[in-house]
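Let's take a walk through this one, going from the overall chain to the ligand and the residues around it. Keep the 3D view open as you read.

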Amino acid sequence: MEINLISDTVTKPTPEMLSQMMKARVGDDVYKLDGSTNELEAAVADLFGMEAALFFPSGTMANQVAIKLHTQPGEQLICDASSHICNYESGGPAFHSGVSCATIVGDRGRITAEQIKSVYTDCSNIHYPETTLVSLENTTNKGGGACYDMKELVKIKELCDSLELKLHLDGARLWNALVAKQLHPKQFGELFDTISVCFSKGLGAPIGSVLVGSKKDITKAIRLRKLMGGGMRQTGYFAAAALYALKSNVSRLQRDHYRAKQIELILAKQSWIKEVLPVQTNIVVFSLHDRVGPALFLEKLKQKNISISEMGSGLFRIVTHLDYREVMHEYVIESLSNLEL
Ligand SMILES: *Cc1c(COP(=O)(O)O)cnc(C)c1O
């Protein structure tokens with residue numbers, strides 16, 4: 001039994017999902033002739049109460065197109081210092097949009113309206129870049145799956161309105177936040193100019209993200225996606241997988257969250273653990289006691305056929321997902337409890 005907990009992107013399509021993919025209504029999506037992709041885009045736009053949506057091959061491309069939509073070269077966006085858009089997208093904001101990132105050290109990847117206000121710069125002083133965009137992440141990746149409180153998001157939206165800033169949400173794992181906080185997608189649609197969501201993480205589809213926004217922004221986004229090389233043809237096979245995932249795999253995320261919580265509780269009891277971040281969704285981030293070598297720790301897990309990831313700065317990450325079944329979970333709990341380091 002191989003147990004891969006490095007990410008929730010490692011899942012493979014189930015037979016049910018594959019059967020839906022085989023029934024996709026496909027056509028050339030560059031000509032907007034792909035039935036299943038059109039259906040997915042309409043369904044996701046409707047779910048968020050937004051005017052339009054666009055299918056992307058990756059969350060990275062969806063985020064980078066959003067940044068390009070909302071900014072001009074030389075301007076500045078504000079985000080958390082650990083955010084995916086400025087750490088894990090290969091320097092995309094500088095490369096694609098020519099913008100700089102003003103970063104804030106938030107609480108587990110979450111920033112506040114007050115912090116945003118403190119780094120905001122306008123064009124009245126010629127030395128400063130003009131801030132035009134705020135980008136948030138929910139749930140946070142490096143912050144260990146932490147979720148924003150609605151109250152803070154409303155404050156941030158009010159601040160952005162008053163300063164005429166655009167607001168983007170990197171919602172790669174927004175599905176997890178919706179389930180954990182029992183919120184409706186429309187509550188997010190009301191606050192953000194654009195939102196990217198992933199289907200290839202917790203929801204278990206093989207490929208695909210969707211960007212939602214206004215009709216005007218999404219029309220522009222079609223061109224930017226083409227510019228970045230993301231205009232694709234018979235995407236319906238993937239859209240059908242995403243539609244199936246949306247129907248079948250959202251509420252089950254609770255099970256991933258429950259298992260992650262159990263892993264946190266077991267880890268917290270071990271003598272070789274320094275700290276475990278309180279689990280809110282499907283990510284467990286923790287550090288080892290100073291006397292324990294990271295390489296030995298990973299090797300011991302590897303001997304038990306368990307893979308997890310190392311995030312740098314002494315942090316480790318475990319992510320629960322659709323292919324992590326109950327038998328595996330029982331085995332992992334037992335293995336962690338008996339691990340001698
Ligand atoms: C995974 C992820 C993305 C998108 O990643 P892709 O691999 O490009 O789909 C974006 N933001 C966050 C926070 C992520 O975890």
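**Around the ligand**

One contact makes a good starting point: an oxygen atom of the ligand sits 3.3 Å from a side-chain N or O atom of Asn141. Keep in mind that this is a predicted model, so treat the distances here as computed from it.

Two other polar contacts are worth pulling up. Lys201 brings a polar side-chain atom to 2.7 Å from a ligand oxygen. With Gly59 the backbone does the job: one of its polar backbone atoms is 2.9 Å from an oxygen atom of the ligand. As for cover, the ligand on its own would expose 380 Å², and the protein buries 83% of that.

Now zoom out a little to the whole shell. There are 13 residues around the ligand, and the ones that come nearest are Gly59, Thr60, Asp170, Arg173 and Lys201. By type, the shell splits into 6 polar, 5 charged and 2 nonpolar residues. Which helix gives the largest share of that shell? That's helix α3, spanning residues 59-70, with 3 residues.

And where does the ligand sit? Look in the largest pocket.

Finally, the chain as a whole. The UniProt record, an unreviewed entry, annotates residues 4-285 as "domain: Aromatic amino acid beta-eliminating lyase/threonine aldolase". In the model, that span is 43% helix and 16% strand. If you pick out the C-alpha atoms at its two ends, you'll find them 15 Å apart.

Key
Residues numbered from 1 in each chain as written. Predicted model: local features only at pLDDT ≥ 70, side-chain atom pairs only at ≥ 80, totals over all residues. Heavy atoms only, no water. Near = heavy atom within 4 Å. Polar contact = N/O pair within 3.5 Å; in protein donor to acceptor, adjacent residues only side chain to side chain. Areas by Shrake-Rupley, 256 points an atom, 1.4 Å probe, with all protein chains shown as cover. 1 Å grid on protein atoms, 1.4 Å probe; cavity = no way out; pocket = protein on both sides within 12 Å on 5 of 7 lines; lining within 4 Å. Sits in = over half its atoms within 2 Å of the grid points. Helix = DSSP H or I, 4+ residues; strand = E, 2+ residues; numbered from the N terminus. Nonpolar A, V, L, I, M, F, W, Y, C, P; charged D, E, K, R; others polar. UniProt positions renumbered as here; feature names shortened; annotations may be inferred.
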